[in-house]
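Hi,

Here is the structure I promised to pass on to you. Have a look at it first, and then read on for my notes on what turned up in it.

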Amino acid sequence: MSEEGNLPAVKPDHPRPYLERPVAVVTLIGGVIGICTFVLSVSGFSPNRKNAQERIEVCKGAHGLSSSITRVETNPGQVLFSGCVWPPPFGADSDGFTEITVASRNGPGQSEAEGLTVADVFTTSCKAIEANYRFSSQGSFVADEPIRLATGEIRRVEGGPIWMPRNAQEAASFSPRRDESVILSNTRYELATVRCID
């Protein structure tokens, strides 16, 4: 016993038990969390994926959609794509709802071989879109690579760089507004779907 208050003296040769050390407790908790996270990721469980699907379902219900992307022909040569995505891309509603209007008109090309006889004009509040086309090959349609473009851009369906008008007449006819994008193709291509992306 020590002389001060009859407390037992601490012996330096007896360290505190391992779990009474703060660093040990933090290390143990971190290890348990790490193991749990690893097991959940390997098993395919993702709370974010479930949360995203739930939010998409709520959005679909609020806007009367039967699927995450719906296509409605509003006028001849004009189609409205409505959809729900999560997380919402830039320009979408806060619940993930998006709308993209597509109007098809004559393109700048003079022949089908040029691949510029059809101009699909996409109008949306989204910053960027991804369009999926199908190519008609010997009587059947084959899915083509998705095309990503930002508002204000003009691209060819076959890919490549941003399309630039060749003369003043094309520039006057094919200058998209701030909320528009244009994809140039020919009659062998059919637009399947389009959606907003980040």
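A cavity here is a set of grid points where a 1.4 Å probe fits but cannot get out. Please also keep in mind that this is a predicted model.

With that in hand, the enclosed space is a good place to begin. The structure holds 1 cavity of 30 Å³ or more, and the space in the largest cavity is about 50 Å³. Its lining is made by Ser68, Ile69, Phe81, Ser82, Gly83, Val85, Thr98, Val194, Arg195 and Cys196. Strands E2 and E10 are the elements that give two or more residues to that lining. By residue class, the cavity lining splits into 5 nonpolar, 4 polar and 1 charged.

The largest pocket, which is open, offers about 220 Å³ of space. Of the 13 residues lining the pocket, Arg71, Val79, Ser104, Asp120 and Leu191 lie nearest its centre. The elements contributing two or more lining residues are strand E1 (69–75), E2, E3, strand E4 (118–123) and E10. E10 has the largest share, with 3 residues. As for chemistry, the pocket lining comprises 6 nonpolar, 3 polar and 4 charged residues.

Now for the overall build. The protein chain has 3 helices and 10 strands, and along the sequence they come in the order α-α-β-β-β-β-β-β-β-β-α-β-β. Of its 198 residues, 30% are buried. The accessible surface of the chain is about 12,800 Å², with 57% of that belonging to carbon and sulfur atoms. If you take the contacts between residues at least 6 apart in sequence, 56% of them join residues at least 24 apart.

What holds the most contacts inside the largest nonpolar core? That core has 17 residues, and the ones with the most contacts inside it are Ile100, Phe122, Tyr133, Ile183 and Val194. Two or more core residues come from each of strand E2 (78–84), strand E3 (97–106), strand E5 (128–137), strand E7 (147–150) and strand E10 (189–197). E10 gives the most to this core, with 4 residues. There is also another core lying apart from it, of 8 residues, including Leu116, Ala119, Val121 and Phe174.

Phe122 deserves a moment on your screen. Not counting residues up to four places away in sequence, Phe122 touches Ile100, Thr101, Val102, Ile129, Ala131, Tyr133, Asp179, Glu180, Ser181, Ile183, Leu191 and Val194.

One of those partners, Glu180, sits in strand E9 (residues 180–185). Is Glu180 buried or exposed? Its relative accessible area is 12%, and the cut-off for buried is under 20%, so Glu180 counts as buried. Leaving aside neighbours within four places in sequence, Glu180 is in contact with Val121, Phe122, Thr123, Thr151, Gly152 and Glu153. Glu180 and Cys126 are 54 residues apart along the chain, and their C-alpha atoms are separated by 9.4 Å.

Two loops also caught my eye. Thr117 is in the loop between E3 and E4. With 15% relative accessibility, Thr117 counts as buried, because the limit is 20%. Its contacts, with neighbours within four places in sequence left aside, are Arg105, Asn106, Gly107, Gly109, Gln110, Ser111, Glu112, Ser185, Asn186 and Thr187.

The other loop runs between E2 and E3, and Pro87 is placed there. Most peptide bonds are trans. The bond joining Trp86 and Pro87 is a cis peptide bond, with omega of about 0 degrees. Pro88 is in the loop between E2 and E3 too. At 27% relative accessibility, Pro88 is partly exposed, because that value falls between the 20% and 50% limits. Pro88 and Asp198 are 110 residues apart in sequence, yet their C-alpha atoms are 8.5 Å apart in space. Asp198 is also among the contacts of Pro88, together with Asp93, Ser94 and Gly96, once neighbours within four places in sequence are left aside.

If you open the model with one thing in mind, try following E10: this strand gives the most residues to the largest core, has the largest share of the pocket lining, and is one of the elements giving two or more residues to the cavity lining.

Happy browsing, and best wishes!

Technical notes: Residues are numbered from 1 along each chain as its sequence is written. This is a predicted model: local features need pLDDT of at least 70, side-chain atom pairs count only at pLDDT 80 or more; totals for chains, interfaces and linings use all residues. Side-chain values use heavy atoms; hydrogens and water are left out. A nonpolar core is a set of buried Ala, Val, Leu, Ile, Met, Phe, Trp, Tyr and Cys residues joined through side-chain atoms within 4.5 Å. Buried means under 20% relative accessible area, exposed over 50%, partly exposed in between (1.4 Å probe, protein chains only). Contact means heavy atoms within 4.5 Å. Accessible areas come from the Shrake-Rupley method with a 1.4 Å probe; for residues, only the protein chains shown count as cover. On a 1 Å grid over the protein atoms alone, a cavity is a set of points where a 1.4 Å probe fits but cannot get out, and a pocket is an open set with protein on both sides within 12 Å along at least five of seven lines; lining residues have an atom within 4 Å of a point. Grid points are joined across faces, edges and corners, and a volume is the space filled by probe spheres set on the points. Ala, Val, Leu, Ile, Met, Phe, Trp, Tyr, Cys and Pro count as nonpolar, Asp, Glu, Lys and Arg as charged, and the others, Gly among them, as polar.
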